[in-house]
Amino acid sequence: MYSIALNPCNSLMRQEDQFDNLEKHTQSGIDILEKHIKFVKERTEIELNYAKQLRNLSKKYQPKKNSKEEEEYKYTSCKAFLSTLNEMNDYAGQHEVISENMTSQITVELARYIQELKQERKSHFHDGRKAQQHIETCWKQLESSKRRFERDCKEADRAQQYFEKMDADINVTKADVEKARQQAQIRHQMAEDSKADYSSILQKFNHEQHEYYHTHIPNIFQKIQEMEERRIVRIGESMKTYAEVDRQVIPIIGKCLDGIVKAAESIDQKNDSQLVIEAYKSGFEPPGDIEFEDYSQPMKRTVSDNSLSNSRGEGKSELKFGGKSKGKLWPFIKKNKLSLKLGATPEDFSNLPPEQRRKKLQQKVDELNKEIQKEMDQRDAITKMKDVYLKNPQMGDPASLDHKLVEVGHNIEKLRLEAQKFESWLSEVEGRLPARGDQARRQSGMYDAQNPPSVNSCAQDRESPDGSYTEEQSQESEVKVLATDFDDEFDDEEPLPAIGTCKALYTFEGQNEGTISVAEGETLYVIEEDKGDGWTRIRRNEDEEGYVPTSYVEVYLDKNAKGAKTYI
């Protein structure tokens, strides 16, 4: 209990000082609570901003849907990174939980408690002021009665003295003496009454003063003390809650970090390498051995499978990239290469290697099948709705759905035709892949010297230097018929000058039109460098030139021509 030093002389003044001191002390306690609330509020804002920044960071690095970046997330390292982003999102959620719990368990509770504390404090000091005012009033009454009693006593003494003077004076009439005697008696009676009143008020004041100092004020101070102690306990509990809110999320944050570690441990470099191999394998067979060509015999060199010319069979004009006729078919090949560089991707993906083409066609077939299924589901839904309208005409007109059914039917038929077209291309590619065991298909760019090509085998003659289809069947037939028409046009063409040399890093079998076979370690002339399509044009001698994959040769360009560059 707060102790108050009592002094009979100026106790009321000192009591007033104690109330002032207690008011200042309790107000400072409330200020500390409000400061603690403000501190917690700022902490919650920091947690929310941190969580928001973490979520934005996680969202920023999430792969975009239907983008090229999303395809990269099939690798285990990318999946681990994606798991890390998701765990960081959960990690941010725990900081939001911290903010929410601190707001609900500390900020809101303390704000309500401060309001109650202010009301209680106001009530206690109001009671103390009221008790103080009451004792001051009693003290004033006591002083008033005391002064009145003193005045009446003095008046009684003067009246008694006046009476005695009048009674001793022989010249004063008997009536005046009697009047002075009565006046003295009245004053004495008034003094007695004042004395009794003063005595009564004094007893009352002493009782009130005893109650004030021994009952009322101690009770008020005790309540103020209890109020202050509850405030101190409450701020301590809030500090413990502040720590517990953080402690509660530590296990979940630990799980988030464990998830990141687990994702990192799930990375499989071998699996990622295999995925890269599957994604980018071309499906081409490695080139075979080059056959020995005997130049010692004084006879015309025969055309082999590894040469650049193709036998068209008996009665067919021979198309050979040699001598002055080396440019006969190049206009068509260059047209293809130009169209690919301009981004005009063929519908059948014939610009891709066989394996990549098969994957693209399979993907297209799957997409078309999904669209067909979607249209069929829509048709079923419209049919059910039409049945409902037939049974309940008030719900709608069944005839209004007929045009929708017809439209959906046309869409389904169109998609089926499209799917059949891509499925036929897919079947054709799957039949041409070396993995199928059909070694003969690797000779797709060469004409059979014994059997002229039929309509069904024309597709084999429609390959660009990368082994994919580039021309329509009608265009290929046009090449066969009109190939000789270009002889005269290109007979006068000057041979392209050599711009450097190259060395074959690997053996390449030039089995397609426009290509040339090279042996590992062979040195040849470069007459046209890679234009970005992966092929370099080279020359062995005046009669033999063609394209080879740039990755199969190491090129040394003439510095005087275009500057020294090396492509591997």
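How many helices and how many strands does the protein have? The structure is a predicted model, and in it the protein has ten helices and five strands. Of its 568 residues, 35% are buried. Among contacts with a separation of 6 or more, 70% join residues that lie 24 or more positions apart.

Confidence should be considered before any detail is read. The average pLDDT of the protein is 77, and 74% of the residues score at least 70. Residues 1-9 stay under 50 in pLDDT, and the model gives this stretch 15 contacts beyond four places in sequence. Residues 562-568 also have a pLDDT below 50, with 21 contacts in the model beyond near neighbours in sequence. Where pLDDT is low, the predicted coordinates should not be read in detail. The contacts of residues 1-9 and of residues 562-568 are therefore to be treated with that caution.

Among the helices, H3 merits a description of its own. Helix H3 covers residues 76-168, a run of 93 residues. From its first C-alpha to its last, H3 reaches 136 Å, which is close to the 138 Å expected at 1.5 Å a residue. H3 nevertheless contains a kink of about 35 degrees, centred on Thr103.

Two cysteines lie within the residue range of H3, and their accessibilities can be set side by side. Cys138 has a relative accessibility of 5%, and because this is under 20%, Cys138 counts as buried. Cys153 has a relative accessibility of 26%; this value falls between 20% and 50%, so Cys153 counts as partly exposed. As to disulfides, a search of the whole structure finds zero.

The discussion now turns to strands E3 and E4. Strand E3 spans residues 535-541 and pairs with E4 in the antiparallel sense, over six bridges. Together E3 and E4 form a hairpin, with two residues between them. Within this pairing, Asn541 stands opposite Glu544 in E4.

How many of the residues of E4 are buried? Strand E4, residues 544-549, is mostly covered, with six of its six residues buried. Glu544, Gly546 and Val548 point one way from the strand, while Glu545, Tyr547 and Pro549 point the other way. Burial applies to both sets of residues. Glu544 thus links two parts of this description: Glu544 is the residue opposite Asn541, and Glu544 is buried.

How values were computed:
Residues numbered from 1 in each chain as written. Predicted model: local features only at pLDDT ≥ 70, side-chain atom pairs only at ≥ 80, totals over all residues. Heavy atoms only, no water. pLDDT = per-residue confidence, 0-100. Contact = heavy atoms within 4.5 Å. Helix = DSSP H or I, 4+ residues; strand = E, 2+ residues; numbered from the N terminus. Expected span 1.5 Å × (residues − 1). Bend = angle between axes of the 7 residues up to and from the residue. Disulfide = S-S within 2.5 Å. Buried < 20%, exposed > 50% of the residue type's maximum accessible area, 1.4 Å probe, protein only. Pairing = 2+ DSSP bridges.
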